[in-house]
Amino acid sequence: MKKEAFEFCQKERIGTTVYAGAKAACQDVAKEIADLIRTRANENREVVLGLATGSTPVGLYRELIRMHTEEGLSFANVVTFNLDEYFGLGGDHPESYRKFMNEQLFSHIDIDPTKAHVPDGTISRDDVFESCQNYEQAIQEAGGIDIQILGIGRTGHIGFNEPGSGPESLTRLVTLDGLTRRDAARDFLGEGNVPRHAITMGVGTILSARKVYLLAWGEGKASIIAKTVEGEPTDNIPATFLQSHKACTFCVDQAAASQLTRISHPWLVGPVEWTTETTRKAILWLARKTGKSLLKLVEEDYNENGMADLLLEQGPAYGLNIRLFNLTQHTITGWPGGKPNADDTSRPERAEPTPKRSLILSPEPLDDVYCLGGTIHRLNTHGNEVAVAYQTSGDLAVPDPEARQAIEMLIDVATSRGHADEEKYGRRLEDDLNTKGNFGFDSENIRHLKGVIRRGEARSSSRTLGLEPIQLKFLNLPFYQKGRYRNFVIRDEDIDTMVNLLNEVEPHQIFATGHGHDPLSVPALCFEVLIRALEKCRETDWLKDCWVWLYRGPGTEWDAHDIDMAVPLSPGELDNKVQGIYQHQTQRSQQPGSSDQRSLNLWNLAREINSGTAEIYDSLGLAEYAAIECFKRHDLG
Ligand code: GLP
């Protein structure tokens, strides 16, 4: 490792490798595992792996499967122990970790099934203690874990060791934290269905492994990664106990690393090159930290906060302040489609061509209005040709009671008006719903119906924004229709669907999200489809004059230094947007992410986020707006 690299990592208490993306990280870790398997096979010895579930390790498992099928890597000498299992779920339950492991790994490789251990979730309460002791003993009898793979939950849990778990803890029954259960709600089609207890290896069990790799992808993990790597060890964040492990490495992508000091505040740990981007990030941070508006920052503020170099190179402070003030001021525009006939040299969007063809990409119905409802309304009012394309149907997020209500309505209309065929179809749907059980997969008919429900909500929501149904496009990307959460695979048909849309619309500007999200999440997959489709459109004329604007995604917003375009909303426009969100009836009970957002419903959270951005602009000394939606320009390279 180079000297300055040490310097920049000085706050990090765990060796952390930052990869360009999850794929490269998974390839590296898979190679490490494969090397050990092969070495041990040559010595006629077994390898003991500790395995994890969740979205995070799926890419690693796919790479191991590829090595098995393409390179002949054999798992005949491999013994595995999984970290955890939901208490009460049998191996045939769709959401049990046993089923997950069978589907994601075991059934694709030549491991001896009797050597692939997952804690038994069906054990009776009385027998749990003994069963956990047996699990510990089995690990020891196998020779102890050689390589332990971990993900991390947003509470800082590893396995299911929630806050409060000590470093000595062993395999045991635990109660799940509220945030953990909320994070699992999508898999279980509702938080109420998520089990309250689980059996998990302890922190102590994990620390006994000879080598540990913790993987983390996406901005959703950035905060907990920074706390774990740079914070004091505490049982509030059980993952911090990994700091005491001699051979533990965190493998993270850039989004998950983004809050490490070396990336978020590099000037605090060493000399930096003061590019426009770093300067912008540092001064906006300085203003927030000191609680001052940009134009009130003085020399001492710079000197006392690791920015003396910047002052020397580019000072005095007042000049720097003014530069930053102007730069930030120029991100603000009421014309997200560009202002016709105006000087656009310091505007975020170009004036020409006008009107523009604006394509809004929404991974699911709701993301559009939630994140940029005000901007869509403006684009449309300003006469741009707005098209909103819903990339997936979003049917997986419709709770069963909502589907039942729609079915009963269909049957009611059919019977009261004497339409026998429709009634028959309604009864069939009712039957499908009744027979699928609590966590069974929806039949194709039910998924279709749920998609219809979301299309209806999208239409009524977009009407609030002034759009006509003809401006909406429902792509129903096949990866989503054929999959289930954590089980989506992008194929050529997805890319082709997107290419067709792009060539049909020939957009001048595209608004999209998913960049930096967990790679297996719906927004990230939708973004990947877009990027691969744009790649295929390389030779087209329209792409030569097309800008891509990124919105951050529901429940989150760009940091001030990332914002390239800030679109202010009047109080009325904000109310209107909230009305639009409210039309998505099936999503009203969906709870957004972090623990401090718990008490908020969807539309109030959107209100809070947009007015929060406006407050930040105000505190920097810029105009005081009611709300702001913001975007980052994506470089198409
Ligand atoms: C669950 C699992 C953990 C996993 C975590 C994060 O709580 N018990 O082992 O690390 O989820 O899941 P994901 O990888 O889907 O973010």
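A polar contact here is a pair of N or O atoms within 3.5 Å. Keep that cut-off in mind as we walk through this predicted model, starting with the ligand.

Tyrosine 97 offers a good first example: an N or O atom in its side chain is 3.4 Å from a nitrogen atom of the ligand, so the pair falls within the 3.5 Å cut-off. Aspartate 84 also reaches the ligand through its side chain, where an N or O atom is 2.7 Å from a ligand nitrogen atom. With isoleucine 152 the backbone takes part instead: one of its backbone N or O atoms lies 3.3 Å from an oxygen atom of the ligand. On its own the ligand would expose 390 Å², and the protein buries 89% of that.

Now let us look at the wider surroundings. The ligand has 13 residues around it, and those that come nearest are Thr56, Asp84, His157, Lys221 and Arg486. Sorted by class, this shell holds seven polar, three charged and three nonpolar residues.

From here we can move on to a sheet. Three strands make up this open sheet, in the order 4-8-7, and their pairing is antiparallel. Strand 4 (84–86) and strand 7 (172–175) are the edge strands, each pairing on one side only. From one strand to the next, the twist averages 30 degrees.

Strand 4 is a handy place to finish. Strand 4 and strand 8 (residues 197–200) run antiparallel and are joined by three bridges. If you look across from tyrosine 86, you will find alanine 198 of strand 8 standing opposite.

Technical notes:
Residues numbered from 1 in each chain as written. Predicted model: local features only at pLDDT ≥ 70, side-chain atom pairs only at ≥ 80, totals over all residues. Heavy atoms only, no water. Pairing = 2+ DSSP bridges. Helix = DSSP H or I, 4+ residues; strand = E, 2+ residues; numbered from the N terminus. Axes fitted to C-alpha atoms, helices over the stretch in contact; angles between N-to-C directions. Near = heavy atom within 4 Å. Polar contact = N/O pair within 3.5 Å; in protein donor to acceptor, adjacent residues only side chain to side chain. Areas by Shrake-Rupley, 256 points an atom, 1.4 Å probe, with all protein chains shown as cover. Nonpolar A, V, L, I, M, F, W, Y, C, P; charged D, E, K, R; others polar.
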